[in-house]
Amino acid sequence: MKIYNTLTRKKEEFIPIEEKKVGIYACGPTVYDYIHVGNARPMVVFDTLRRFFEYEGYDVDFVVNFTDIDDKIINKAIEQNVQISEITEKYINAYLNVAEELNVKEEDTIHPRATDYVEGMISFIEGLVKKDAAYNVDGNVYFRVDKAEDYGKLSGRNIADLKSGARVEINEEKENSVDFGLWKKAKEGEPYWESPWGKGRPGWHIECSVMSRDILGDTIDIHAGGEDLQFPHHENEIAQSETLTEKTFANYWMHNGMLTIDDRKMSKSEGNFFTVEEIREEFDLEVLRYFLISSHYRTPINFSRDIMEQMKNALERLYNGKKNLEYLLEKSSNHKLDKKTEAELEKIDEFKENFILNMRDDLNTAAAISELFDLVRYVNQNMTIETSKKSIERAYKVLLELSNILGILQKEDELLDDEIQELIDKRTEARENKDFALSDKIRDDLIEKGIHLEDTAEGVKWRRL
């Protein structure tokens, strides 16, 4: 497995800290609102990474945090005159619902919450203060960036340029303009925790250092997130963690590319900001998952309704390939293992091998997906009910095995109620037009789908078999 390491700016062979085990920490959401389509990309990309490592025989610890204390959360609670927990629980549940529909393996995901680790954050900050790497100014505690070796090594930022004041927030109580907050003094009416520096709450960057250390250890295999987190969030995590532990914080850094809406940067002010809640009103979220892995994870991608329609059609072609194989499995009675069958088996295994090689090449899902289409195309062009069942079974097994890594093609072929009614309406229309052949075909198709029709005086009634 080769991974593009943002820290070194090159692909590197993945060597785990512990053989056949991998710890992955992916930065999760601040739970003050519904997630947008850009937030969904790291959810899907790094879930796919986890799935592939598991396929390769690794034991995976997969961590995605919830930031459940933050200015935005506090402000929203004040605006709505509710408790902070009411805001955070609402949006954590919304996140989990979306994750389930995106087929993210939530049952195997560790979700630490920042508020459960405040005591650990206080201890962490105390350690930095003892090392003279942090200082207290009237209840606000800051990290001394000058104490961090190679600050800027992840993002490529130059500390001298940062000190010059370019795009740095002016804060006169800091010793240095680039120093960042570890602990924030509580304002009137805000939630707080008692600390050696008075009442307050943790800064944003500290939580990931503390939670990842507690769950995965001083050094983690892979730290992941959107490329917009490289600076300052991930840079500051490295600075505070490596200063305290004097160990490498993460061996590999993976960052997914950003997302645009209709070829423009996603922005609420531009009116091109879409939450996943809005998208799910028009599209099954499996289509969104497919869209998010249809390009290499490091490349920027553009979201539009037209593109989503294309993704929907592409996914439908894969589902049709799956249905075709299921039909061939049912109808084929040929169990021969001849030279033709051996050639077919070899070809099918070639698609599988290419798929895996692409996934090992820095999680190249775009190239891997093309192998699935090549497999489906090969089946459609070369296999009939006369084909050996051994070839059909192999093709079906490989298609399901590989699509499971990508988290797609998992749905059973079951008609929804509105789809059933639409077919019944078409059958009624066909009967009125005396097109009995079409009417009978629709009835037979529905029977194959497990739907029994009954013509009554009150109209057509149906039930599942």
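Trainee: Which residue lies over the face of Y4, and how far is it from the ring centre?

Mentor: R298 does, at 4.1 Å from the ring centre. A charge counts as sitting over a ring if NZ of Lys or CZ of Arg is within 6 Å of the ring centre and within 35 degrees of the ring normal. The 4.1 Å of R298 is within the 6 Å limit, so the distance fits that rule. Before we go on: this is a predicted model, where local features need pLDDT of at least 70 and side-chain atom pairs count only at pLDDT 80 or more, while totals for chains, interfaces and linings use all residues. Residues are numbered from 1 along each chain as its sequence is written, and side-chain values use heavy atoms, with hydrogens and water left out.

Trainee: What sits over the ring of Y58?

Mentor: The charged end of K20, at 4.4 Å from the centre of the ring. Y58 also belongs to a cluster that ring pairs link together, with F14, F53 and Y252.

Trainee: Why is the pair of F249 and W253 called tilted?

Mentor: Rings of Phe, Tyr and Trp (its six-membered ring) pair if their centres lie within 6.5 Å; planes under 30 degrees apart are stacked, over 60 edge-to-face, and the rest tilted. Here the centres are 5.9 Å apart and the planes stand at 55 degrees, so the pair is tilted. A search of the whole structure finds 15 aromatic pairs.

Trainee: What makes F249 and W253 count as buried or exposed?

Mentor: Buried means under 20% relative accessible area, exposed over 50%, and partly exposed in between (1.4 Å probe, protein chains only). F249 has 2%, so it is buried, and W253 is buried with 1%.

Trainee: How do you know that β4 and β5 pair, and in which sense?

Mentor: Helices (H or I, at least four residues) and strands (E, at least two) are DSSP runs numbered from the N terminus, and two strands pair if DSSP finds at least two bridges between them. Strand β4 (residues 59–64) and β5 have two bridges, in the parallel sense, so the pairing rule is met. One bridge joins F62 to T109 in β5.

Trainee: Which open sheet do they belong to, and what is its order?

Mentor: An open sheet of five strands in the order β5-β4-β3-β10-β11, with parallel pairing. β5 (109–110) and β11 (250–256) have a single partner strand each, so they stand at the edges, with one side left without a neighbour in the sheet. Helix α1 (residues 37–55) packs on this sheet, touching β3, β4, β5, β10 and β11. Helix α6 (residues 204–216) packs on it too, touching β3, β4, β5 and β10. Contact here means heavy atoms within 4.5 Å.

Trainee: What do β1 and β2 form?

Mentor: A hairpin with four residues between the strands, where R9 in the turn has a positive phi of about 60 degrees. Strand β1 (residues 2–5) and strand β2 (residues 10–13) pair in the antiparallel sense over four bridges, with I3 opposite E12 in β2.

Trainee: Which residues touch the most other members of the largest nonpolar core?

Mentor: F53, I222, L288, F291 and F303, out of 129 residues. Such a core is a set of buried Ala, Val, Leu, Ile, Met, Phe, Trp, Tyr and Cys residues joined through side-chain atoms within 4.5 Å. Helix α10 (residues 305–331) gives the most to this core, with ten residues.

How values were computed. Axes fitted to C-alpha atoms, helices over the stretch in contact; angles between N-to-C directions.
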